[in-house]
Amino acid sequence: MQLQETHIVPKLEKPIRFQEYSVGIFNTIPTKSGIKKAIKKGLVFIDKTLATTSKYISGGEKITLFESENSSTFERLELSIEVLFEDDYLAIIYKPAGILVSGNKFVTIANGLAQNLKKSTLADAVKPQPIHRLDYPTSGLLLVGKTSAAITELGRLFKEKEIQKTYFAISIGKMSSDGIINLPIDEKKSQTTFEVLDSVISERFEFLNLVKLQPKTGRKHQLRKHLLALENPILGDKEYFLDGKILNGKGLYLHAATLEFKHPFTKTQISISKELPKKFKKIFPQF
């Protein structure tokens, strides 16, 4: 057998069964079922002793994973993710434009989380999971749960609208200085507030506006649909656009800039922001 990965257990609050702890500690085996198979094949050792699912660990153990000559290797996703906040319960990371949050494809944020986040030391630790979605062409902040309880509680905060999200977009055309958009999406109530922070004259688009957006609901493509409804679509949008007003090659000018909420476990107020991408600053350098 050949050594594949090594993991040192950090100090834990209380002992936990290896079967629960082991999920996500190895990049090459991200699932509980995969860990069970590796243990049955005799490929996992705890302090040089063959591992069992029922063994309790408390911290300081050295866990090693070996690869048998005839075993198939799980392909590791080499994806560097910027982490802006992290504790044992949750993380806030930056998603660049042009990558899926999750789905059937190999290259997704979800598949890269375990390699970029520290494993939670809590008893209900699980493989890190995105709590909400950002469209493929949208950049910005993404909230991630690291334990079963955190995933449940953060989902509840979103459902009860206790997480405030702020986006910035560059829109096309002459636009009112501020307002509220109440336009149902898929026959469901939807609301977005907007404020124009600055505008510049554009030879091709008449005006370009830097717009601050705060969705009060979380419908699919809500901001993109709402701005199109005003006839001020987002620059670079190839799905929700006006004829003759498509910008090619620069991507979508929509950025999820800020997440604000009360931490469901520590009760501290969390407020994390990510600055505007460079392409925004080329049009509005003062921001």
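Student: How many bridges join strand 3 and strand 6 in the antiparallel sense?

Tutor: This is a predicted model, where local features need pLDDT of at least 70 and side-chain atom pairs count only at pLDDT 80 or more, while totals for chains, interfaces and linings use all residues. Residues are numbered from 1 along each chain as its sequence is written, and side-chain values use heavy atoms, with hydrogens and water left out. Strands are DSSP runs of E, at least two residues long, and helices are runs of H or I, at least four, both numbered from the N terminus; two strands pair if DSSP finds at least two bridges between them. Strand 3 (residues 44-46) and strand 6 (residues 62-67) have 3 bridges.

Student: Which strands are the edges of the open sheet that contains these two?

Tutor: The sheet has 4 strands in the order 1-6-3-4, with antiparallel pairing. Each edge strand pairs on one side only. They are strand 1 (2-8) and strand 4 (49-50).

Student: What is the end-to-end C-alpha reach of helix 4?

Tutor: Helix 4 (residues 148-159) has 12 residues. Its expected span, 1.5 Å times one less than its number of residues, is 16 Å. Close to that, the reach from first C-alpha to last is 17 Å.

Student: Within what arc do the buried residues of helix 4 fall?

Tutor: Buried (under 20% relative accessible area, 1.4 Å probe, protein chains only; exposed is over 50%, partly exposed in between) applies to Ala150, Ile151, Leu154, Leu157 and Phe158. They line one face of the helix, because the directions from the helix axis to their C-beta atoms fall within an arc of 125 degrees.

Student: Which residues are exposed on the other side of helix 4?

Tutor: The buried residues include Leu154 and Phe158. On the other side, the exposed residues are Thr152 and Lys159.
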